[in-house]
Every structure is written in structure tokens, then in C-alpha cells.
Amino acid sequence: MEHTTAIFPTVPTSAQHKWWQHGIIYQVYPRSFQDSNNDGVGDLKGIVTRLDYLQWLGIDCLWLSPVFASPMADFGYDISDYRGIHPLFGNMDDFDELLNEVHRRGMKLLLDLVPNHTSDQHPWFLESRSSRDNPKRDWYIWHDGKEDRSVPNNWLSVFGGPAWEWDVHTGQYYYHAFLKEQPDLNWRHPEVQRAMLDVMRFWLEKGVDGFRVDVMWHMIKDSQLRDNPPAPNTAGNTANPLYDDFLPVYSTDQPEVHQIVRMMRELTDAFDDRVLIGEIYLPIPKLVTYYGEGNSGAHLPFNFQLLTLPWNAREIAGAIDAYEGALPAESWPNWVLGNHDKPRIASRVGLSQARIAAMLLLTLRGTPTIYYGDEIGMTDVPIPVDEMVDPQGLHMPDLNISRDPSRTPMQWGPGINAGFSARKPWLRLPYNAARVNVEKQKGDLHSMLSFYRRLIDIRRRSAALSVGSYSPVYSDGQLISYLRQEHEETFLIILNLSHRPAYFRTPSAAYKGIIKLSTEEERIGMHVAGVITLAGDEGIIVQIDDQELTYPHHEG
Ligand code: GLC
């Protein structure tokens, strides 16, 4: 067994931490949370009626996926008015009420900012495409075709096909990293920068607590529009090129993007206690550059390791340490298990391991983000082909990458449509919704919901678990273990990522204590020392009672 020696850095106390450091974020997908007007789509008033639930669960902050005016080509990620609420979700009064009700409960509210692209129906784009000499022409990325009229370069849309769309009227192509209904803004243009910062200011002045910034790493593209190189394993030889067949080294993650992020951060910091989060899918060394020089970038560049890595103890332990090791000084970590773009955790790893995943999410160092419904173990709902609505699924029908299955209505109770709506919901519910729902699980001490609530509770009560230091202890093909410490409090977390029993040999006699939480409730309160046995799919949180582990520097 290889044991890593724990290091014990001095960490500041929780009083020195911001709400977004010790708090828990919960992503609400508004279409699917709660319908209040029975049109089959969730809305703002609906969310208000569920705030008590979120408070009961122990959530500190809600992040809402877009609720703005939109033709809904990409379910709200195609915005036609950044300051307007889509009538499907309600109106500005409803929004104000929601913000008020969230704040009244001592919670925070984050909005989704989609600055990389607008809807093709946004007045800015309508102007831009109206003529080549329109003042807003350069607000978007227009380019002539090559001599033979073909696309300017080989960049591909994330949703399939070329990323360039021909505009007959003005005889040029425009660039769209996603749908052709989502033209990319030209962030090199100072007026674009000003216009979007004004949008941010509008919401910050209203009192929202910050933003999750959509596709932050896409915002600036190579000024020379150079071709992306083929990915090494395809060498560009596929008959039907897909996004991943090329390395998007010129279309994303350009050095100048950090100046834009810094501008956004400066504006955010001009208001008290707000947070800037970036959606960024990049390898760790690149990801951490989004904290910016001297932490002048995003407060939290979303860390998607747990979403993207195979569920394997060795790989995940390696990624945790690589991430911890790569974090710039003074920057704050964060972890995400699920979102509206990826399969749900319970579908990826199974229900038993979903509990281990929850324990990992809520005991690692850094801000956790919970995706709605994961706390009751919602699984991806199979959506029949003729009911598919997600453009990613519809554009690439053979790849089984529709995002609909992880966006289905929240399962609240055993009643009609699981209490989500009295009318047929926009996406169907699973057959087992009458069994798997909040109401049922609230009354069951052994449910996923009860487990989540206990985990959240123990995290909230403990400075060690919410803001303490992290030190890896041991990992192998089955186990991941680490210590969380703050002052006199030390927790040892041991997670079995396999279905078979595992044996954790404590590195020294100092590793003994009492089980505070386990996936096997019967073990709570037991003393452990020496070789600690874990059942398959078991995770435990042990409160260490030996002072030597707490104050190792005091020896000799
Ligand atoms: C982000 C969103 C995703 C959307 C895409 C384009 O990745 O999370 O849902 O489709 O951006 O806006």
C-alpha cells in the first residue's frame, strides 16, 4: 500500500470565507422545476413555491438557467433580449418577487449570462445582418467565403456541421459556435463589450448575486481565423467530421479572453459580495488560468472533472490531487457532479455509487454545485425519438447525445405529473415517478434525499468540511481517502468506488475515530481504527479523535 503523508497547512477560519466559498449552489433548470400556471413548462412563480424545500435541504444559492426572452432554439441559450423575462417563465414582477423571496430566506440567486452569442432574432443581429455597412455589422463575426465561395475555415459547430452560415442578402458568412440561430458576438469590438457589461450591470443593480457565464472559454477566437488542426486520433480523416475530430485551438481559449473575463470581474467586484462563475470545459492546467493573474478572473471556473472522468477511483483521486496542486495561490476550488448538458450522475454510475458521488461532492474542498433532482437520485429519462426536442440530439441523431433525458421535470410527489404540473409536461416523466419523488423520500430515512440532507447538514455544521484543508491519504483501484481539517477538527473520508468490499489500512495509530456518517446508516456512531472494512459502495466520514493528527507540527 502506498501512503501519502498528510500535510497540514494552516487554513483561515470560516469567518474569513465568503458565502460562495462555504455555501452550496443548486442549479435550477427553470423549464423543469415547478409549473405554476399549468402550461406544462416550469416558471418563476413555481420556483418561489419550492424555496422552502431548498431551504429545508440546506441550499445556500440557486443558479437559474436562462429565463430571458428567447425564440428557444436552444431552450433559452439563444437570447433575444437580455433584460426581458420570457413570458413562459413569467414577467419582471415575478422575477423581482423570486429575488426577494430568495433573499428573505438568506439565500442567493445567480443568473445565467450568455455573452458569447445572441439569438439570430436579437435586434443587434437583425441590424448586423441588414447590410454590410450597418454600424453593428462588426458586432458579429462576418467573413467572405474562400474564392470558390466555400466556408472561411474548417471550424465546426459544437452541434454538428460547419460553424459558418451563408447570408444570401449580404453575401458573407457569419460564425456560430452552436446553432446557426446563435450567432457569435465579436468580443474584440469595444461596443459589444460595453453593451454586455451594461447587461450585467442591469442585473447586478437589481440585486442578483452573480452570474454563471455560459461558454466562457469560447468568447474570443483567433483574429486570423486559422484552421483548427485535426485531433491526433482522427487526423481529419473521418467522412463526416465532428466537433471532436479537431482540436479547437484557434476557435476557443484564446489568450485575449482573459482580458474580457477581467472586465467582467471588475464590474462584479464593484458590487458587494457577488460572484462570477465560468462554464469552461478545458483540461486542468488550462482551466485554472481562468482564475486570472492574481485572481483577477472568474471567482470559480467551473471544475467538471467529476462530470467528465470515468468513474474510477485511481483516475478520480489523481484528478483531485492534480486539481488541488494546480490551483493558483488564494484561488478557491469547486466541484460539479451534474448539469443540464450531461447525463445524470445516477445514470452514469448507478444509484449506489451516486451516494458515493454525493459524499465526494460534499466533502471535497471547494464549492459544490448540485443539479436539481440529483438529490432524489433522478435518473435520465428515456425520451422516445419522436418526442426529442434538444437540438444537440436532433442534429446528431445517431450519437445518442440528446440532453432531454437529464432535463425532465422535477419529481415532487406521487400525484399527477409528479406534482410538477397539472398539464402534460414539456418532457415526459419516468414511469417510476410515483415512487421516486421528494414526498416519498422525505418520509424515508434511508432515501437518497435523506442521505443528501444529512450530508449537507454535517458539511454546514463543520468548518473542517466546508472550508478546511484537504490532504490526500490513500487511493487505489477501489478506494479514495482524504482528510479535511480546520483547527481542532479533523475528518477522514473513505470512499469505496467499487461494488466489492474494501480494506483501508490506516497509515498510523493516530487514524482512529467515530463514524459520523455512512452510506450504511447502521454504522453511524461506531468506533474505527486499524484496518477499516468498507462494504461495496460504502462511504464513511470519520471524525478523528487523536490530537496528534490535528496538531502534527507540535511533535518534538
Ligand atoms: C452551454 C450551455 C448549453 C448550451 C450552450 C450554447 O454549454 O450550458 O446548454 O447549449 O452553452 O449556449
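**Close-up views of the predicted model**

**View 1. Phenylalanine 33 and tryptophan 412 are both buried.** The model shown here and in the other views is predicted. The two residues form an aromatic pair of the edge-to-face kind, with 5.1 Å from centre to centre and 75 degrees between the planes. The pair joins distant parts of the chain, 379 residues apart. Phenylalanine 33 belongs to the loop between β1 (25-28) and α2 (44-49), and tryptophan 412 to the loop between α13 (391-395) and α14 (438-442).

**View 2. Tyrosine 323 and tryptophan 335 form an edge-to-face pair.** The ring centres lie 5.0 Å apart and the planes stand at 70 degrees, so the pair counts as edge-to-face, the cut-off being over 60 degrees. Tyrosine 323 is in helix α10 (residues 313-326), while tryptophan 335 is in strand β12 (residues 334-336). Twelve residues separate the two along the chain, and the pair is listed as a link between distant parts of the chain. Tyrosine 323 has a relative accessible area of 0% and is therefore buried. Tryptophan 335 has a relative accessible area of 1%, so this residue is buried too. For both residues, the cut-off that applies is under 20%.

**View 3. Seven residues make up one aromatic cluster: Tyr26, Phe33, Tyr53, Trp56, Tyr371, Tyr372 and Trp412.** Phe33 and Trp412, the pair of View 1, are among the members. The count for the model comes to 29 aromatic pairs.

**View 4. Lysine 442 lies over the face of tryptophan 56.** The distance from the ring centre is 4.6 Å. Tryptophan 56 is one of the residues in the aromatic cluster of View 3.

**View 5. Lysine 342 lies over the face of tyrosine 281.** Here the distance from the ring centre is 4.8 Å.

**View 6. Domain 1 and domain 2 meet at an interface that buries about 1,800 Å².** The domain assignment gives domain 1 as 18-117 + 190-456 and domain 2 as 123-175. Their C-alpha centres are 29 Å apart. In the contact, domain 1 takes part with 24 residues and domain 2 with 15 residues. Of the area buried between the domains, 69% is on carbon and sulfur atoms. Lys221, Leu225 and Tyr243 are the residues of domain 1 that lose the most area to domain 2, and together they account for 30% of what that side buries. Zero salt bridges are found across the interface of domain 1 and domain 2.

How values were computed
Residues are numbered from 1 along each chain as its sequence is written. This is a predicted model: local features need pLDDT of at least 70, side-chain atom pairs count only at pLDDT 80 or more; totals for chains, interfaces and linings use all residues. Side-chain values use heavy atoms; hydrogens and water are left out. Rings of Phe, Tyr and Trp (its six-membered ring) pair if their centres lie within 6.5 Å; planes under 30 degrees apart count as stacked, over 60 as edge-to-face and the rest as tilted. Helices (H or I, at least four residues) and strands (E, at least two) are DSSP runs, numbered from the N terminus. Buried means under 20% relative accessible area, exposed over 50%, partly exposed in between (1.4 Å probe, protein chains only). A charge sits over a ring if NZ of Lys or CZ of Arg is within 6 Å of the ring centre and within 35 degrees of the ring normal. Domain bounds come from an automatic or database domain assignment. Contact means heavy atoms within 4.5 Å. Buried area is the accessible area (1.4 Å probe) that two parts lose on being put together, summed over both. A salt bridge is a side-chain nitrogen of Lys or Arg within 4 Å of a carboxyl oxygen of Asp or Glu.
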